[in-house]
Amino acid sequence: MPLEIYLDLISQPCRSVYIFAKKNNIPFEFKKILLFKGEQYSEEFGKVNYFRKVPAIKDGDFTLSESIAILTYLAEKYGTPDHWYPADLQTRARVHEYLSWQHSGMRGIAGKILWLKLMIPKAFEIDVPKERMDSLLVDLEGSLTAFEEKFLQDKPFIAGQKISLADLVAIVEIMQPLGAGVNVFEVRPKLSAWKDRVRAEIGPALFDEAHQMIFNAEEMSKTIDPSAKEIFKPKIKKMFL
Ligand SMILES: N[C@@H](CCC(=O)N[C@@H](CS)C(=O)NCC(=O)O)C(=O)O
């Protein structure tokens, strides 16, 4: 049975797993879970991921959730080139340092921009208080500054000279605000040069293909299933407002 990867490419962690598998020629079956159709709540998907979130994988009888766990599992299982998940103790620790920080330090902030600036007001027609958006943008600036000063410094990539899982997990999150028209690269030449290096290493065609939904996020937001909107509304209020 081939490796199954459950994905929706509107999701940042899904893009990291998708890009990693494609880039490393890992054979897999793309199992599409359309989040805005509420497909994650099906009984069948519940057997793959208790938390009903993507990404998730099924490798024979083995199921796994959480993008970081999945990425490191795939790196180890398929023996991908060392730079992705370096064997050197301190270089690997550098990768883990970013992977540990990013959950709250980057994802918890950058990921919300698309919701608060596009999805919630336009697709769900719920008002977002201006102060809420303003304070999120301030937090985003703080995260990006920390990313540049602490994690990137003057190196080409987070772990040094070569791209690693840390850069991959970072880029998919930092691209997410673009979907809401917030171009974080415009005023940050260092960040922008890093993005170009990461895109070149991944391969522009694969990078752009994986981000297609982000480039078309406004159009996509108009296609959300009305029944899924009703499921999401209470969750949205709890999570974001
Ligand atoms: N910590 C998890 C986060 C997974 C996650 O939050 N996935 C979102 C999409 S980005 C999801 O599936 N949400 C569906 C829902 O909450 O209904 C990971 O890194 O894989």
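This report describes the sheet and the two assigned domains of one predicted model.

The model is predicted, and local features require pLDDT of at least 70, side-chain atom pairs count only at pLDDT 80 or more, while totals for chains, interfaces and linings use all residues. Residues are numbered from 1 along each chain as its sequence is written.

For the "domain: GST N-terminal", the UniProt record (an unreviewed entry) lists residues 1–82, and such annotations may be inferred rather than shown by experiment. Over residues 1–82 the chain is 37% helix and 20% strand, with the end C-alpha atoms 27 Å apart; helices (H or I, at least four residues) and strands (E, at least two) are DSSP runs, numbered from the N terminus.

An open sheet of four strands has mixed pairing and the order 2-1-3-4, where two strands pair if DSSP finds at least two bridges between them. Strand 2 (29–32) and strand 4 (62–65) are the edge strands, each pairing on one side only. Strand 1 (residues 4–7) runs parallel to strand 2 and is joined to strand 2 by four bridges, and Glu-4 has Glu-29 in strand 2 as its bridge partner.

The domain assignment, which is automatic or from a database, gives the bounds below.

| Domain | Residues in the assignment | Residues in contact with the other domain |
|---|---|---|
| domain 1 | 4–81 | 17 residues |
| domain 2 | 89–240 | 21 residues |

Contact here requires C-beta atoms, placed from the backbone, to lie within 7 Å. Helix 1 (12–23) and helix 3 (67–78) are the elements giving two or more residues to the side of domain 1 that touches domain 2, and helix 1 gives the most, with eight residues. The C-alpha centres of domain 1 and domain 2 lie 19 Å apart.

Key. Contact = placed C-beta atoms within 7 Å.
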